[in-house]
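Dear colleague,

Please find the structure below, handed over for your use. My findings follow directly after it.

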Amino acid sequence: MFKSFVVLSVLAAPVLSQTAVSLLIDFAGYQSSGTINLRSTLNNVSTKKGQTFHFGSTYDTGVSTASWTKNVFSTFFNHIVAENGCKWDATEPSRGTSSLTECLAVQSYATSCSASFRGHNTFWHAQTPSWLPGSITASDLVNNVIPQHVQQEIQGMGTSVTSWDVVNEIVGDGVSNGMFTLKSALQCVQNKKDWPTQTSDGSNTALVTDLSFVHAAFSTALKYAASNTRLAINDYNTGANDAKTACVLAVLADINQNAGVPYNRLAVGFQTHISTSGFPSKAALTANFAKLAALGANAMITELDISLPSTSSANERLQAAIWGDILDACLYASNCNEFINWDTRDDQSWIGTAGAGTLFDSNGNPKPAAFEVQARMQRFASGAPMLCATALGTGSCMASGPTGGSSTTAGGTTTTHTTTTPVTSPSGCLSPLYGQCGGTGWTGCTGCASGSTCQVSNPYYSQCLA
Ligand SMILES: *[C@@H]1O[C@H](CO)[C@@H](O)[C@H](O)[C@H]1NC(C)=O
């Protein structure tokens, strides 16, 4: 925990121009092209977990690719969240008027796809109806407005909702400046500097000066939600070993103590809007999920997308490695049963087509990440142990083939795997395209598969490039 040591480590680490990664889909036992039917794999995952594994994406009515969308929710995903249809502006357009038409339409669409449905969200400072924040007082908001909205939405959507984001994005970002100073739950929320701890008129005036608005939302949700519906706080830029994540856990503890919600009803939603250059490590996610499991609370990946600087094959492979690592963290955690990918395809993603942050490309074809997701699930369902963190690159993590499967990546030599122990890289062998082939400390293959040559990127890293 000494900062000087951290700095030295950073200086000593090689700066990679491109992280080459090893993936399960490099092995012949796993599918890497064609169309994917994930439903039976998802059933196998649920059997292995002993509880339904909900793997989903977003939906709003009126999508332009209706038949593609219907197919993907009937064969690939088994879980749906409304991108916009259940937010406050859609569900209470005027005070006291419950308007669940859009939210219910998404829920019945899920039913028509034999998919489950998750609720997002009952409180958020954004996408509020025009009558909010208005001139409503703090006590009116806490005692009337929030309880009424949470009750009418949760009651109105019925008992089959897997989980609700009861409050969305209430923790501030600036808290990471105080990296090693744990903030109180109230400080964490006040640091958000948004309605309702501040008024939304830009005057910086405090409106609600405590966490009563959070308690009001949660105690109402506890009263009206079904007993098997998890009640979540949902936020972005969380999951790493950092101050914002510590803040989310502090707020969760406060809700448990002061709103009287048992931990076995609570969940933390990790939105996980990330990029190939900034993402939480598999180890940190695993540790944070375990902290929640020890309390009895659930962890959920609620809004995953991984944006790319450009859509090169190498970037898509790194995206697949990160996707696989985050999925693994959830699959192998006893308390993670919901995993939502935010938007179904690149041309419909909120981050824009160029970010290429989803599992399916702009033509609706599965990307390497979609195949890798299937492979990770199959590996988990088979009872194999968790893979190393593939996103760290081939220098520290090589994927392993399935039992009985074969690797075709080593220059035409086919190796049949009889165990699932990691594949080692004997010298004299050939690295695959984009694989590492040299650099200070490198002990793996120094040759390259046919069609590629070993090129020096920097003293620490050489890579097989076409
Ligand atoms: C599901 O599990 C069964 C039994 O282990 C297996 O035969 C089948 O291939 C699995 N299906 C998929 C799609 O992985």
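Asn 44 has a relative accessibility of 48% and therefore counts as partly exposed, since that class lies between the limits of 20% for buried and 50% for exposed. Please note that this value, like the others in this message, comes from a predicted model. Asn 44 belongs to helix α2, which covers residues 39-49. In sequence, Asn 44 and Ser 382 are separated by 338 residues, yet their C-alpha atoms are 8.5 Å apart in space.

Asn 44 also takes part in the surroundings of the ligand. One of its polar side-chain atoms is placed 2.3 Å from an oxygen atom of the ligand. On its own the ligand exposes 360 Å², and the protein buries 33% of that area. Which residues surround the ligand? They are Ser 40, Thr 41, Asn 44 and Gln 378. By character, this shell consists of four polar residues, with no nonpolar and no charged ones. Helix α2 supplies the largest share of the shell, namely three residues.

I turn next to the strands. Strand β8 spans residues 298-307, and nine of its 10 residues are buried, so the strand is largely enclosed by the rest of the structure. Its pairings are as follows:

- Strand β6 (residues 266-270) runs parallel to β8 and is joined to it by four bridges. Within this pairing, Val 268 has Ala 299 of β8 as its bridge partner.
- Strand β7 (residues 273-275) pairs with β8 through three bridges, again in the parallel sense. Here His 273 is found opposite Asp 305 of β8.
- Strand β9 (residues 338-341) is connected to β8 by two bridges, and these two strands run parallel. Ile 301 has Phe 339 in β9 as its bridge partner.

Finally, there is helix α11, which comprises residues 313-331. Is this helix largely enclosed or open to the outside? Of its 19 residues, 18 are buried, so α11 is largely enclosed by the rest of the structure. Its length can be checked as well. At 1.5 Å a residue, the 19 residues should span 27 Å, because the expected span is 1.5 Å times one less than the number of residues. The C-alpha atoms at the two ends of α11 are 26 Å apart, which agrees with that expectation.

With kind regards

Terms used
Residues numbered from 1 in each chain as written. Predicted model: local features only at pLDDT ≥ 70, side-chain atom pairs only at ≥ 80, totals over all residues. Heavy atoms only, no water. Near = heavy atom within 4 Å. Polar contact = N/O pair within 3.5 Å; in protein donor to acceptor, adjacent residues only side chain to side chain. Areas by Shrake-Rupley, 256 points an atom, 1.4 Å probe, with all protein chains shown as cover. Nonpolar A, V, L, I, M, F, W, Y, C, P; charged D, E, K, R; others polar. Buried < 20%, exposed > 50% of the residue type's maximum accessible area, 1.4 Å probe, protein only. Pairing = 2+ DSSP bridges.
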